[in-house]
Amino acid sequence: MSLRLGIYALLALCCGGAQEPAIVFTDPMSEGVVRRYEVEGLAGESVLLPCEVDKASCGNFHNIKWYKGVERVFIFSDMANVRRAEGPLLDRTHFHYAANGTDSSLQIFPLRTEDEGMYKCEITYLAVRDSCSVVQFVNLTTYALPTFQRLSFEDGSPIDNGTEIGPFDEDTTLTLVCESGGGKPVAKVTWWNGSQALAGKYSETFDEDGSGLGRNVLQVSLTRDDLGSVFTCEAENAAMTSPFVASVSVDVNVPPLSMDVTGAEEAVLEGETVTLLCEVRGARPPATITWMNGTVPVEEAPTVVNVQEESVEIRLDDNTYKTQSQLTFEATRFENGQMFSCEATNSVLENRNEQPMKSEVALNVHYAPVVRVSPENITVNESMDILVFCQYDANPPELTHVYWYQDNNQVDVAGYPEKYGNGNVDHPSLLIKNSSASDMGDYTCRVANKIGSSEVINMASVSVQFRPQVHVLMEPSEPVSEEARLNVTLICDVVRANPEFLVRVRWYLDGELLKELPECYGNNSLYDRDSDLCDIDPSRLLLENVYRDFQGNYSCEGMNDAGWGARSNEAELVVHYPPGKATIAYRPPMAVKGISLELTCSVQDPGQPEATEFIWYRGAHRVPDETSATWIIDPVSLETEDEFTCIPVNSEGSGENATTRIDVLAAPFFIERLPPYYGALMNAEEVSLSCRVECSPLCSIEWFKEDVPLHNDTYYIIRTETIPPNPSSGDLESVRSFLTWRMNRWPEGVLDREQDNANYTCSSTPNVAGPAVSSRTYFRVEYPPEEIIVSESFIQVVEGEVPPKVECRASSYPEATYVWFHGEEAVSSNAVLNTDYPIERNRAGDYVCVAKNRHGEMTASTNFDVLFKPECKIDREDRGSGEDAEILLICRASANPEDVVFRWRLLNETLTDHVTSKGLTSFLRLPATAESRGTYYCYVNNTIGESIPCEIDVTGVAGIIEKLGNDKIITISAIVAAVVVLVLIICVAIIVICRRQRQVGKFNGAGSLPDREKQGGRGAGGRPGAKGSPLLSDLDRASPQHHPEPSKTPTAGPKDNGVPSPPDEDKQTFYENLPFHGMQPPPNKPFLTDLGGGDLEYADVDYATYTYGPIPYKAASVANAQEKKAEHEAEQMGVPVRPPRKNK
């Protein structure tokens, strides 16, 4: 269909110049000839509708009218000088007719899809002849390329072309939608997976003009095989030479396929490192591996020690992953027979709510015996037998020996069969016969298997009873207070006894029996009945409400099942009492705020022991960190005005306290002073001053203006208030006074800026505590910024120049602050806008100065107009085909001022023909022939200067190939192939030469530096290659200077490239291997060559300059650098530049 459309388009063009119509039909209803044409066109392009004029047979005509259906769309009359489009073709037609010609055509451009239909051409001849074709029909069929192709999900969310979507879990149904619209006929949309067509649901919707939307919905149930698949959507209609293609790759997540666990094939010894390896394959995303010890994760298992887990993920060829997890831990007896499992899962299994893939192994751990003896506590009477069990756990369970220990000493079981029984590998438990006091102690059992011996983890204690040894403890142990009436507990503490529990205790005071406990019937015939002290602990004697009479030496003796023990040592009970009554005195006798005050606490009876600490209270609050008899308060404050209490204290308690009250006075003092400066807005509704003076007894406040007393009068109001003491601030009672301006009494309610500025004073009266005080302020009338001006309101400056300073000033008080803004950006924070750098075009525009104080702000602005020379870019458009093909070069410029002049150049020739310019755009029309090839330059000039020339290479010319025959095409192809082969051969030769030159420049360990330089055929600064060759070696390109210099054999002493030659061979070898060794200094002046006759080229010389003759090295380098800099600046500013230079 695409080829057919091209043929129809060519036919339409040809028909415009043909003498005969393409298709002719004879109308059976008349004797004349009715001509009919079939024409096809592509929307957006041009189409010709033919209409034949037969002046030879029919004579001259008056007009030609075109109709679409019944609506006239164009009329032409050479006689009436009418050429007019009408209706839907208005502004889109061009009528072609040559005087006395036989052909005419109506050109429609641009063609629209709604232009399709039957067109009628009516020719009105001056003479009516039946044989003349006065009506001709053209059936116009329009086509349109699709305007878009888009991919989306089922919910309409877009998918970018060439992107990867997902990941999706395996078995997910993926729905992809591909749409292509705007084409006529509607594009056919198909889905492909590689070369395999996919079945989708295709549908079409049509618009009124015949265009429409093609839609194909693809539903795929994703499998493992779809991982990495690329789904491609193609959209094609008859107007297209190749389909629109959009693709999306799919990322599919799949569950694991298989897993293996290794590393538990052999038995391990306790303490050795166990390494288990779990390998999971075929998962995406990579599987997450969890190691389990039974049903508990390994890291949470209490018995597993030194656990280390390392995992690695390896991507496989099928884009799935192999996950390897290595679990290492120290083997213990607790892991023997334990099942260790590897569980693998990923998001696919989790989303399916499926259990992880699992594989498990059992461990066989060999370990030495672990022994426990029982019972752990054994109490026996003398002559009783004792059996101590030895229970063990071991792998293997067979024992090699058994040993018993008493208090860490080995028991000779086999040597004393009459004393011990068992205690061997067959019966590890120990039997002690006829026990005695010597059998007391801690018994342990140690056994062994082929792995090793057991460790002691517990022991069995064997006890034998004997009479108690005691001593007396006292609670509290220190002396007690008589006034506190405390209880004292005496304890008959066992120092050594078996059993340690005392069944009876006798208490003694100063050597005499005080009491025997418990007081139970039959207790040494002392008690004939049980008392309240029968069911008590006899080792504890309670002394209640102790006072002086309880003081003395106490001792005890105790009894257990073995009998009465010896009497204990004596413990002394000491009783103390508190101090007597206290008194308080202070000086000076009047407490004034701000000075110091000393308080003293005295006591007649210091107590036992003597009182050394005194507790002070201010009101009901204890004073911390104050414990001496003398307390100095410095300074006195409001807090000092209170009742003060002191209490003498010794280790036994407190004496009777003493209390006194202190009243605090205050000399006049400013709590709120007048500020040094006070300003008020000239039209403020309220203006007032206030001051506050602390004074006790109270004082009064007076106001002065310039030392003249003020009173309540026409212009002022004075109001005074009394403020009670404030504990939170520490202020005593105070007086606050307000001086308020009666603004309604001032002229027009406004303060005068000069006359009303004055000094105001607030002054107090004295009191008994101190003299009067005063405070002064300077009052000033303030106003907001007014009368703002800028030194320059408009500045015109050339880009790259420094614009002049602009000053902004306004009248205000307080003095205004200034900020300059350029848009939203603050560019200066003072009154002067000083742009002390070359200005750029993006800094043009309005600059606003804002003058501001606390009462308001005001603005003024200045405008910067930045002028700059033009910048340009060239675009190319190829139009038409065949004989009518042409090239349109469009040069677009940007400049200020915009009044510009264009100039076109090809080589040294300035082009003026076929050049049209309008505003900032210039057009150059070229024929599509081989003569039009070359590099075209466009220059743009305004009052600031001329632009950097923009250029374009016209290399391919449309229409040339169409004019060549098959033989010429074959010949040209052969020439191109030969040139490509020749270029490849030259490149290979250059690579070989460059590699050899690198080897020559390196130290290979053989020969001296001069020998190596001779082998290379040049000195350190020379170059290989034929004379005049434009190619440089890799070494030449790496060096910034390329100047020949004869090779010289180095001698001792000279410097090489600024580095002294080393005196010995080792150092010489070291320096020759440095990267800068062998480099030559640059020449003092440029090296000049003749064109074709020089022996040196420079890497930064543009060989295009040699077209006009020899150019010095420095001039060529400077010109090249300037051109590169200009291109770089143009690129930075977004102006297109010429294509990159080709390597010569």
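This passage describes the cores, sheets and disulfides of a predicted model.

The largest nonpolar core was considered first. It holds 28 residues. Those with the most contacts inside it are Val 687, Trp 703, Leu 739, Trp 741, Leu 751, Tyr 760 and Phe 779. Six strands each supply at least two residues of this core: S60 (688–696), S61 (701–705), S63 (716–723), S64 (734–741), S65 (758–764) and S66 (774–790). Strand S60 gives the most, with four residues. Trp 741 illustrates the packing. Leaving aside neighbours within four places in sequence, Trp 741 is in contact with Val 687, Ser 688, Leu 689, Tyr 715 and Tyr 716. Its other contacts on the same basis are Trp 746, Leu 751, Tyr 760 and Phe 779. A second core, separate from the largest, has 27 residues. Among them are Cys 51, Trp 66, Ile 123 and Cys 132.

Strand S66 also carries a polar residue, Ser 775. Ser 775 counts as buried because its relative accessibility is 3%, under the 20% limit. Its side chain reaches the backbone nitrogen of Leu 674 at 3.0 Å. Ser 775 also touches Phe 670, Arg 673, Tyr 760, Thr 761 and Cys 762, with residues up to four places away in sequence left out of the count. Leu 674 itself appears among these contacts. Tyr 760, one of the residues touched by Ser 775, is listed with the best-connected members of the largest core.

Several sheets were then examined. An open sheet of three strands runs in the order S3-S8-S7, and the pairing is antiparallel. Strands S3 (47–52) and S7 (93–97) stand at the edges. Each has a single partner strand, so one side of each is left without a neighbour in the sheet. From one strand to the next, the twist averages 20 degrees. S7 is joined to S8 (residues 103–108) by five bridges, and the two run antiparallel. Phe 95 stands opposite Leu 106 in S8.

A further open sheet contains five strands, in the order S12-S11-S14-S18-S17. Its pairing is antiparallel. The edges are formed by S12 (158–159) and S17 (201–206), each of which pairs on one side only. Within this sheet, six bridges join S11 (residues 148–153) to S14 (residues 173–183). Phe 148 has Gly 181 in S14 as its bridge partner.

Strand S33 (residues 401–406) has two pairings. With S37 (residues 441–448), S33 pairs in the antiparallel sense over six bridges. His 401 has its bridge partner, Ala 448, in S37. With S34 (residues 409–410), S33 shares two bridges, again antiparallel. Here Gln 406 is matched with Asn 409 in S34 as its bridge partner. S33 and S34 form a hairpin with two residues between them. Asp 407 lies in the turn and has a positive phi of about 50 degrees.

Disulfides were searched for across the whole structure. The search finds 13. Cys 178 and Cys 233 form one, with sulfur atoms 1.8 Å apart. The angle about the S-S bond is -80 degrees, and the link is left-handed. Cys 178 lies in S14 and Cys 233 in S19 (residues 230–236), so the pair ties together parts that are 55 residues apart in sequence. Cys 178 counts as buried, at 0% relative accessibility. Cys 233 is likewise buried, at 0%.

A disulfide also joins Cys 520 to Cys 534, with an S to S distance of 2.1 Å. This link is right-handed, with 110 degrees about the S-S bond. Both cysteines lie in the loop between S43 (512–517) and S44 (540–543), so the pair ties together parts that are 14 residues apart in sequence. Cys 520 is buried at 15% relative accessibility, and Cys 534 is buried at 14%.

Cys 808 and Cys 849 form another disulfide, their sulfur atoms 2.2 Å apart. The link is left-handed, with -85 degrees about the S-S bond. It connects distant parts of the chain: Cys 808 is in S68 (residues 806–813) and Cys 849 is in S72 (residues 845–853), 41 residues apart. Cys 808 has a relative accessibility of 0% and counts as buried. Cys 849 is also buried, at 0%. By contrast, Cys 987 is partly exposed, with a relative accessible area of 38%.

How values were computed:
Residues numbered from 1 in each chain as written. Predicted model: local features only at pLDDT ≥ 70, side-chain atom pairs only at ≥ 80, totals over all residues. Heavy atoms only, no water. Core = buried A, V, L, I, M, F, W, Y, C linked by side-chain atoms within 4.5 Å. Buried < 20%, exposed > 50% of the residue type's maximum accessible area, 1.4 Å probe, protein only. Contact = heavy atoms within 4.5 Å. Pairing = 2+ DSSP bridges. Polar contact = N/O pair within 3.5 Å; in protein donor to acceptor, adjacent residues only side chain to side chain. Axes fitted to C-alpha atoms, helices over the stretch in contact; angles between N-to-C directions. Disulfide = S-S within 2.5 Å.
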